[in-house]
Amino acid sequence: MTAVELLRIEGVTKAYPGVVANSDVSFTIHEGEVHALLGENGAGKSTLVKMIYGLVKPDQGRMTWQGAPYAPAKPSAARASGVAMVFQHFSLFEALNVAENVALGMETPPPMRELAAKIRAVSEHYGLPLDPARMVGDLSAGERQRVEIIRCLLQSPKLLIMDEPTSVLTPQEVDILFRTLRQLKEAGTSILYISHKLEEIRALCDEATILRRGKVVGSCTPRDATAREMAEMMVGATITPPERRVGEKGPVALGVSDLSVASPIPFGTSLKSVSFTVAKGEVLGIAGVAGNGQDELLLALSGEIRTEGDRVRIHSQPVGDLGPVERRRAGLVAAPEERLGHAAAPNMSLTENAFLSGVVRQGLASSGFIDWGKTENFAKSIIETFDVRTPGTHVAARALSGGNLQKFVVGRELLQDPEVIVINQPTWGVDAAAAASIRQAILDRAAAGAAVVVISQDLDELLEISDSFAALNEGRLTRPRPVEGLTIDEIGLMMGGAHGMEVAHHVG
Amino acid sequence: MFGGIDPSLLIASLMMASVPILLAALGELVVEKAGVLNLGVEGMMIMGAICGFITAVETGSPMLGFLGGAVGGAALSLLFAVLTQVMQANQVASGLALTLFGIGFSSLLGQSYVGIKPPHLGAVPFGPLADIPFFGKVLFGHDLFVYLSIAAVAAIWAFLKYARGGLILRAVGESHDAAHALGYKVVRIRVLAIAFGGAMAGLGGAYLSLIRVPQWVDGITAGAGWIALAIVVFASWRPWRALLGAWLFGGITVLQLNLQAAQAGIPVEYLSMSPYVITILVLVLMSSGRGKTALNAPACLGQNFHAAR
């Protein structure tokens, strides 16, 4: 490398009570380099970048910025040095407009009218169209990320930190983002890119540092390594892709016919005469870009939205007019996308959360009293089976990292010996090893005779585990087709809204 | 005239009656915009009332009295700030405790001040302007704090809308996590907002004991702090609407007294209930439909902030 060193990190250590988040971490970022930081959930990536951004102080070790010692006491000091950060959970204010949000992230913002003009100029230069006067609450996830990126770019940073930037984006938005990042790299900006999507890292990054349990376990040049090799370094074990057992399809376990419901979610998408059936042992994958009715479909299947009885049937029994508890009793479990607040009660312990969903099928209550011993055991078995990293079952759900909580809430449903499983985004924000084990668990349930509906925006995931495939588009579901023999072109047409065998007309 | 009620007098006394609740509501509005729900307005007002009264009587200066009231209210609010911002106590419970504590403590402080007359603060001398028929009485016959309270509405409106400080304050109330991630001192900003709210409530209380009543009696605020809280919601966190709300609530109080004096056929109780009925109606209308954004409520209102690692 002939490039100049921008940031050198040497022997950085940070410990919290009970956890060592980073231990003796060292790596170097050069100017104009896209550097990947790879690691499983809880490997200490976030703590590390928070230290670079001045949100957390290291216990030991030192950082050198362009040859001079660097120890930002607060984010504004880091920003003054030329470090900017795009957060995983956006640090945006929904009730404020784009320009105000940008102003809040700047040290000395210009007057609003000038700032708005600047935002327009920068957003056009980088191909990220954005209207400064719009309320952030009305923007899509991709547009929100643009606000964050433009906020960073307006300060012409030397180092841009991106924490899992693509986890909320559609494939098209990812393309736009990558184009922008390459443009920035050309202009000499270094980028520290955190992700566990290995293909992305291979496509974008020059160098990679791999973290495991707070320690650097290796580094590589992503272009020369395979995704498999990097994943194994990251996990420290060999990953086995889920195994698919081809079995005979059983009788239909879940039937949905002509299901139309209005969306209870503000700005949501209503379902329009959705029909499908899933047989015992079958996995139906439902694809689609976010906001095309996925949440509504989950609500209608889980029982949170009720319809006429025979719209939804389990084992040919009408359940459409039953609530979630009765549907659980009938054998259907559901895991929604939103982990905190929908799948889990944030301030309640894991034991209590295990009870909330498991009470019916696991018999955790008798004559109105909670059987805490049994509940505790159920929670423990989820934690063991799905390798949830937590100090114990007494921990509040919100204290778990996103990936760990995801393992817990998915595991909680899968362990209830269900006959019908509905999951929205089973591996969202989960690292490669855990994602593989969740997918394996889903397939195992299917092999044991459960009918499974997986709603996901990850096409690879769907193609890996599904037997049949359908796509949601503006609340309409395409006719499910067997995955075998399906081409990418056909999938694209299905997702683009061509229903069944109709010819697609793309209006420009 | 309407049943023997002089409209110019009615409007003039309405403006005066609304000053304490307007000041307290403006303070609470700023506090809530920063994401803190301080239900102790009543307690801070009554502390301001007694502290202002004592200062004014002891020094003989009504202006120093108002200063003392502001300090008294702010001091009590800092207790709330320590409880909720430092020790992470529940805001609703702490606010209610603040009210109960303030009422008791003020009564203790005021024992030897019952029946004393405070120094008088006269109307602002507008000279000939005050002699204009009708408008003279309505616009130019008031004491300084009537004008100051309206100026405060404009100042707070401009601060929240145009100043960088106001933007940061709103940001903290909107999402304390995001504000923290950007490096803003959430706790410090909130403590400052709470102290400001306490000072404004204290001013409102001092206005009651020094000008409106003017003497010290136990429980002098008589629910004015709760009305101020209702006004903030009624105004959907907008300063000019808070002025409107204060005049509406103040006006109904005055009207009720006048109607009683004029022996009108409407039972007084209906009138004293009506502001609250209107508040409930406004709440229902605003929260139906477009939800929180339409209501303009700060998203983090009442939530404690704890810096995660």
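Let me start with one pair of residues in chain A, where Leu271(A), in strand 12, is the bridge partner of Val261(A). I should say at once that what we are looking at is a predicted model.

That pair belongs to a longer match, because strand 11 of chain A, residues 252–261, pairs with strand 12 of chain A in the antiparallel sense, and the pairing runs over six bridges. If we step back from those two strands, we find that four strands of chain A form an open sheet, with antiparallel pairing, in the order 12-11-14-15. At the edges stand strand 12, residues 271–279, and strand 15, residues 317–318, and each of these has a single partner strand, so one side of each is left without a neighbour in the sheet.

What lies across this sheet? Helix 9 of chain A, residues 294–302, lies across strand 11, strand 12 and strand 14, the last of these being residues 312–314, and helix 9 runs at about 60 degrees to strand 12 of chain A.

Now let me move to a loop in chain A, the one between helix 12, residues 372–385, and helix 13, residues 402–414, where we find Thr390(A). A polar atom of the side chain of Thr390(A) lies 2.9 Å from the backbone oxygen of Gly392(A). If we leave aside the neighbours within four places in sequence, Thr390(A) is in contact with Leu350(A), Ile383(A), Val395(A) and Leu400(A).

The last part of my talk concerns the place where the two chains meet. The size of an interface is often given as the accessible area lost when the parts come together. Between chain B and chain A the buried area is about 1,600 Å², and carbon and sulfur atoms give 67% of that area. As for the residues that take part, 15 come from chain B and 23 come from chain A.

How many salt bridges are there between chain B and chain A? The count is one, and in that salt bridge the side chain of Arg170(B) meets the side chain of Glu100(A), with 3.1 Å from N to O. There are also five residue pairs in polar contact between the two chains, counting pairs with both residues at pLDDT 80 or more.

On the side of chain B that touches chain A, the elements that give two or more residues are helix 7, residues 164–174, and helix 8, residues 176–181. Helix 7 of chain B provides the largest share, which is six residues. Sorted by class, this side of chain B has eight nonpolar, three polar and four charged residues.

How values were computed:
Residues numbered from 1 in each chain as written. Chains lettered and ligands numbered in written order. Predicted model: local features only at pLDDT ≥ 70, side-chain atom pairs only at ≥ 80, totals over all residues. Heavy atoms only, no water. Contact = heavy atoms within 4.5 Å. Buried area = accessible area lost by both parts, 1.4 Å probe. Salt bridge = Lys/Arg side-chain N within 4 Å of Asp/Glu carboxyl O. Polar contact = N/O pair within 3.5 Å; in protein donor to acceptor, adjacent residues only side chain to side chain. Nonpolar A, V, L, I, M, F, W, Y, C, P; charged D, E, K, R; others polar. Pairing = 2+ DSSP bridges. Axes fitted to C-alpha atoms, helices over the stretch in contact; angles between N-to-C directions.
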